[in-house]
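Please open the model in your viewer and keep the selection tool to hand. We will go from stop to stop, choosing something to select and then looking at what is there.

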Amino acid sequence: MPDAGTFSPTVAMARNRWRAAEDRLYPTLIADPGSYQRSINAIQAVVTELRKRCTGVDDIIAAEAAPDELIATALPGGSVIPVDLLVGVACGMADREIAADTERRRREAAIEDARAAGRAWVVVAGPEAIEDLTDGRRPELHLASGILVEAAVDPWSGEDPFQLQVTEGGTGTVLVTGSFVDRDEWLAEIARQRAAVEDGTVGG
């Protein structure tokens, strides 16, 4: 589960700060290739220290609040990068790493729970019922074959807002792909492709 504060205004503001720090720092690194590797090493040193201290975004925000102590521990020799930019970029990187690891563990747990319950499919992300998907993506994994049936909706895309892709989970090979204007047609095709996966005829 994500941190209780993951969707709070405080977290949103922090992530905006971290993105702004990246937007400010990276162009200067590209403009000065000679300092690029040193700067990357400094950022990675701070990220490594954050990994030791933090298990979620709230911990990262707390560490950000004491930047001088964080930098002194991570980089005893100091850094030429301005502290606010260095800490902001490192916090953003650490946040994404922790979020990705949390999501990976959540997915693994969902798959194990589905196997234990004897279910044929597990929804990896998104709403449990496909009919409830109105925006974003909903990958569903067929446990026996490892095939993903991924439905997506982009209500702002204009034409063809409903998408479908069937993929071999192990190889990433795309077996089926489609775009739809009509929601009912999209739902019907998802049902057909799920049945094809179960029958072993998908992509044939």
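The tour below starts with the helices, moves on to the sheet and ends at a loop.

Before the first selection, please keep in mind that this is a predicted model.

**Stop 1: helix 1**

Select residues 9-31, which make up helix 1, and pick out M13 within them. Is M13 buried or exposed? With a relative accessible area of 53%, M13 is exposed, since the cut-off for that class is over 50%. Now add R38 to the selection and draw a C-alpha to C-alpha distance from M13. The two residues are 25 positions apart in sequence, and their C-alpha atoms lie 29 Å apart in space.

**Stop 2: L50 in helix 2**

Move to helix 2, residues 33-53, and centre the view on L50. Its relative accessible area is 0%, so L50 is buried. Which residues does L50 touch, leaving aside those up to four places away in sequence? They are A63, L70, A90, C91 and A94. For a second distance, take T28: L50 and T28 are separated by 22 residues in sequence and by 24 Å between their C-alpha atoms.

**Stop 3: helix 3 against helix 5**

Show helix 3 (residues 57-64) together with helix 5 (residues 83-117). Two packed helices are described by the angle between their axes and the distance between the axes. Here the axes come within 10 Å and cross at roughly 165°. Helix 3 and helix 5 are therefore roughly antiparallel to each other, and the crossing is right-handed. To see the contact itself, display the side chains of V57, I60 and E64 on helix 3, and of V87, C91, A94, D95 and I98 on helix 5. Sorted by class, this contact has 6 nonpolar and 2 charged residues, with no polar ones.

Stay on D95, which sits in helix 5. Is D95 buried or exposed? Its relative accessibility is 8%, so D95 counts as buried. Beyond the residues up to four places away in sequence, D95 touches R15, W18, V57 and I60.

**Stop 4: helix 4 against helix 5**

Keep helix 5 on screen and swap helix 3 for helix 4, residues 67-74. At what angle do the axes of helix 4 and helix 5 cross? The crossing is at roughly 75°, and the axes again come within 10 Å. Helix 4 and helix 5 are therefore roughly perpendicular to each other. Select P67, D68, L70 and I71 from helix 4, then V83, L86 and V87 from helix 5, to show the residues that make the contact. Of these residues, 6 are nonpolar, 1 is charged and none is polar.

**Stop 5: the sheet**

Switch to a cartoon view and select the strands. Strands of a sheet pair through backbone hydrogen bonds, either parallel or antiparallel. In this model 5 strands form an open sheet in the order 1-2-3-4-5, with antiparallel pairing. Strand 1 and strand 5 (174-180) stand at the edges with a single partner strand each, so one side of each has no neighbour in the sheet. From one strand to the next, the twist averages 15°.

Now walk across the pairs:

- Strand 1 (residues 121-123) pairs with strand 2 over 3 bridges; look for W121 opposite H142 in strand 2.
- Strand 2 and strand 3 (residues 147-153) are joined by 7 bridges; R137 has A152 of strand 3 as its bridge partner.
- Strand 3 and strand 4 (residues 162-168) pair over 7 bridges; here I147 stands opposite E168 in strand 4.

Colour strand 2, residues 136-142, by accessibility: 5 of its 7 residues are buried. Then follow the chain into the hairpin of strand 2 and strand 3, where 4 residues lie between the strands and G146 in the turn has a positive phi of about 75°.

**Stop 6: helix 6 over the sheet**

Add residues 183-199, helix 6. This helix lies across strand 1, strand 2, strand 3, strand 4 and strand 5, and runs at about 10° to strand 4.

**Stop 7: D160**

Where is D160? Find this residue in the loop between strand 3 and strand 4. Most residues other than glycine have a negative phi. D160 is not a glycine, yet its phi is positive, at about 50°. At 30% relative accessibility, D160 counts as partly exposed.

Technical notes:
Residues numbered from 1 in each chain as written. Predicted model: local features only at pLDDT ≥ 70, side-chain atom pairs only at ≥ 80, totals over all residues. Heavy atoms only, no water. Buried < 20%, exposed > 50% of the residue type's maximum accessible area, 1.4 Å probe, protein only. Helix = DSSP H or I, 4+ residues; strand = E, 2+ residues; numbered from the N terminus. Pairing = 2+ DSSP bridges. Axes fitted to C-alpha atoms, helices over the stretch in contact; angles between N-to-C directions. Parallel < 35°, antiparallel > 145°, perpendicular 65-115°, else oblique. Left-handed = near helix turned anticlockwise from the far one by under 90°. Contact = heavy atoms within 4.5 Å. Nonpolar A, V, L, I, M, F, W, Y, C, P; charged D, E, K, R; others polar.
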